[in-house]
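Please go through the side-chain contacts of this model. Ring pairs, charge pairs, a surface patch and a disulfide are the topics.

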Amino acid sequence: MQHKYLPLIIAAALGAMSVSAQASGYRFGSQSVAGQGTADANGAEANDASTIFYNPAGMSRLEGTQISAGTTVVVPHSTFNDTGSTRFTGKPTGGTGADGYAPDAVAAPSLYISKKIDDSWAVGLGLFVPYGAKLDYGNTWTGRYALSNIKLEAITLNPSVSWKLNQHHAFGFGINAEFMKAELGQAVDVPGTIAALSSGAGAAQGAALIKQIAALGGNPALLATARDAHGANDGKDWGWGFNLGYLFTLDEATRFGLAYRSSVSHQLKGSTVWDFSQVTTDPIVNKVLSAASNKVNSAALVKLRTPETLSANVFHQFDSKWAGMADVTFTRNNRMGDLHIEFPGTGEGDEVIRQQWNNTVRVSLGGNYAYNEQLTLRAGVAYDESPVKSAELTHPALPDSDRMQYSVGANWKLSPRSSIDLAYSFLDFKDAKINYTNQCTPLTRTCTGNGETTRGVYQTHLSLIGVAYNYKF
């Protein structure tokens, strides 16, 4: 059952998880500290090597060789209030409240290098974190049958080139080599299954289990003390995509940009391990229950495509002190409908995850103020839509919701060749209601699932702290 959430970890509108990153979905939203300072409204500014991510055509504006290396630290705060999570039998799941499931802090690095070849050509390389997630609810919380822990790590290498046609038009192209690695865990509802087999339509199957345990020398009475089993899953994959950019320079003060980043196809391959060893104190009982569950250690396979994005942005220098900028980014999340997770080499049915994410739009406005020759101040605000459609399609792996971002930043020139960027952002999320039901129960043989319903409300906000060093050769 773990594997069913593998796609959610890497899933299609992957954007930065609400307690782990900044943009909607699982997509990590801050690939540049300079950009963070303006709430990522700076796509047409093209002021340093991080333009490789926002718009590779912007490298045409950079002189010599430039390096920008930074780190963004995410400090999340999230609480979950359970409002009646239940087993597939309709009984409460019991367990403990969700506490401390978000990490104290998560850091994501970025590195960009650009080099001007001649008046027309420039090349560059970007390394950044496109997606990220980390939650650990523990094995006893009320929503454990949906998820106990999740960790997603991803990194992208983005070699790029730009070509300047003339003083008005520049074009950019990049290749994206994307590596993803995921780990997750989930409880298995053994107590609920035993209860369902104690009477009614399942009574005959329950009696057969008791008879089998006794015949093997086990103690059937221990079924009354049964605890959850657990599963663990991991997977990884390389995928490939591309990005395009166009920059139109109207004059020295005004420019417009368009940028497109393609989807990336993945076949995430990994393994699934089931642990029934702690269900009771009797190894024979545990072995019989494990065999009856039809859960065997196996491979796991998830085929998916990440979302594509299209951005339009503008930059204008009002005078020697003030500059303004804006960005609108469209993310095509609707590629992800229901997800089917396969378990090759087993008779276990697919896990079907109901998701059906919406396409989203992110709008940001930002500005720069040149306080003096050494110090430039930045600020920005953004509104970012969540791809999650409803409480019935919200899952504990992504307690996402619409959010506002408020950012401030600064660039301090240490010398004519070097500078430091600083940025701070506060993200305020709307309350995220969850009422997600897995439509496959442990008694169904044609599919995989706990049949649980997770109900509750997430309240989340987070801070981002960024620092970067820039150098020009």
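What follows is a short report on those contacts.

This is a predicted model, where local features need pLDDT of at least 70 and side-chain atom pairs count only at pLDDT 80 or more, while totals for chains, interfaces and linings use all residues. Residues are numbered from 1 along each chain as its sequence is written, and side-chain values use heavy atoms, with hydrogens and water left out.

**Aromatic rings**

The structure holds 17 aromatic pairs. Rings of Phe, Tyr and Trp (its six-membered ring) pair if their centres lie within 6.5 Å; planes under 30 degrees apart count as stacked, over 60 as edge-to-face and the rest as tilted. Phe 171 and Tyr 246 form a tilted pair, with 5.3 Å between centres and 40° between planes. This pair links distant parts of the chain: Phe 171 is in strand β6 (residues 169-188) and Tyr 246 in strand β7 (residues 229-249), 75 residues apart. Helices (H or I, at least four residues) and strands (E, at least two) are DSSP runs, numbered from the N terminus. Phe 171 is partly exposed at 35% relative accessible area. Tyr 246 is partly exposed too, at 24%. Here buried means under 20% relative accessible area, exposed over 50% and partly exposed in between (1.4 Å probe, protein chains only).

Trp 322 and Tyr 369 make another tilted pair, at 4.6 Å centre to centre and 45° between the planes. Trp 322 lies in strand β12 (residues 322-332) and Tyr 369 in strand β15 (residues 360-370), so the pair ties together parts 47 residues apart in sequence. Trp 322 is partly exposed at 48%. Tyr 369 is partly exposed at 24%.

Ring pairs also join Phe 80, Tyr 101, Tyr 137, Trp 141 and Tyr 458 into a cluster.

**Salt bridges**

A search of the whole structure finds 9 salt bridges. The criterion is a side-chain nitrogen of Lys or Arg within 4 Å of a carboxyl oxygen of Asp or Glu. The table lists three of them.

| Acid | Base | N to O distance |
|---|---|---|
| Asp 189 | Arg 87 | 2.5 Å |
| Glu 153 | Lys 151 | 3.5 Å |
| Asp 384 | Arg 362 | 3.6 Å |

Asp 189 lies in the loop between β6 and α4 (190-196), and Arg 87 in the loop between β1 (65-82) and β2, so their bridge ties together parts 102 residues apart in sequence. Both Asp 189 and Arg 87 are buried. Arg 362 and Asp 384 are both buried as well. By contrast, Glu 153 is partly exposed at 39% relative accessibility, and Lys 151 is partly exposed at 30%.

**Nonpolar patch**

A nonpolar surface patch covers about 880 Å², and its residues include Leu 111, Leu 157, Phe 173 and Trp 238. Patches are made of residues with over 30% relative accessible area and no salt bridge: like charges are joined within 9 Å, nonpolar side chains (Val, Leu, Ile, Met, Phe, Trp, Tyr) within 5 Å. The elements giving two or more residues are β2 (106-116), β6 and β7. Strand β7 gives the most, with 4 residues. Leu 157 sits in strand β5 (residues 149-164) and is partly exposed at 33%.

**Disulfide**

The count comes to 1 disulfide, defined as a pair of cysteine sulfur atoms within 2.5 Å. Cys 440 is joined to Cys 447, S to S 2.1 Å. The link is right-handed, with 105° about the S-S bond. Cys 440 is buried, at 5% relative accessible area.

Terms used
Accessible areas come from the Shrake-Rupley method with a 1.4 Å probe; for residues, only the protein chains shown count as cover.
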